Amino acid sequence: AEYMGDNKMIGKEKKQQQQQERVKQQQQQETKQETKQEEEKEQRKEEEQHKEVEQRKEVEQHKEEEQRKEVQQHKEEEQHKEEEQRKEEEQVEQAEKREQEKEQVEQIQKEQVEQ
């Protein structure tokens, strides 16, 4: 009879131990899941930040590109103006040369007539 009692006690203790094990495992499982969720949350946060950084970079690049284009356009306009001015100056010079040549020719003709 004594022996039977011991067995019952051992059985109860075993059940309790198993129960505690199950609770422990469940808690570990929950902790694992919480940790996993936290990690996923962190990862999502990092990805979002990364996206924002990328977007900002793209915006910056776009701005720089626009500025470069404007500068380039401005340069081209300046070059065009200079080109136009040069042409005008050349035309003026040509006209002055022709005028001088004409005067020389007239001078020579005058001198020939006088001779």
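This report covers the fold, surface, charges and salt bridges of a predicted model.

## Overall shape

The protein has one helix and zero strands. Its radius of gyration is 49 Å, whereas the globule rule gives 13 Å for 115 residues, so the protein is more spread out than a compact globule. The C-alpha trace spans about 170 × 15 × 5 Å along its principal axes. Helix α1 covers residues 2–114.

## Burial and surface

None of the chain is counted as core: 0% of the 115 residues are buried. The accessible surface comes to about 12200 Å². Carbon and sulfur atoms hold 45% of that area.

## Charge

Negative side chains number 38 and positive ones 25. The centres of these two sets lie 15 Å apart. Six salt bridges are present in the structure. Three of them are described below, among them the pair Glu-65 and Arg-68.

## Glu-65 and Arg-68

Glu-65 is salt-bridged to Arg-68, with 2.7 Å between the closest N and O atoms. Both residues belong to helix α1 and sit three residues apart, about one turn of the helix.

What of their exposure? Glu-65 has 35% relative accessibility and counts as partly exposed. Arg-68 has a relative accessible area of 49%. The exposed class needs over 50%, so Arg-68 is partly exposed.

## Glu-78 and Lys-81

Glu-78 pairs with Lys-81 in a salt bridge whose closest N and O atoms are 3.8 Å apart. The cut-off for a salt bridge is within 4 Å, so this pair counts as one. Glu-78 and Lys-81 are again three residues apart in helix α1, about one turn of the helix.

The two partners fall into separate exposure classes. Glu-78 is partly exposed at 32% relative accessibility. Lys-81 reaches 52% and counts as exposed, because that class begins over 50%.

## Glu-83 and Arg-86

Arg-86 forms a salt bridge with Glu-83. Their closest N and O atoms are 2.7 Å apart. Helix α1 holds both residues, with a spacing of three residues, about one turn of the helix.

Both side chains are partly exposed. Arg-86 has 42% relative accessibility, and Glu-83 has a relative accessible area of 35%.

Key: Residues numbered from 1 in each chain as written. Predicted model: local features only at pLDDT ≥ 70, side-chain atom pairs only at ≥ 80, totals over all residues. Heavy atoms only, no water. Helix = DSSP H or I, 4+ residues; strand = E, 2+ residues; numbered from the N terminus. Rg over C-alpha atoms; globule rule 2.2 N^0.38 Å. Buried < 20%, exposed > 50% of the residue type's maximum accessible area, 1.4 Å probe, protein only. Areas by Shrake-Rupley, 256 points an atom, 1.4 Å probe, with all protein chains shown as cover. Lys, Arg positive; Asp, Glu negative; His and termini not counted. Charge placed at Lys NZ, Arg CZ, Asp CG, Glu CD. Salt bridge = Lys/Arg side-chain N within 4 Å of Asp/Glu carboxyl O.
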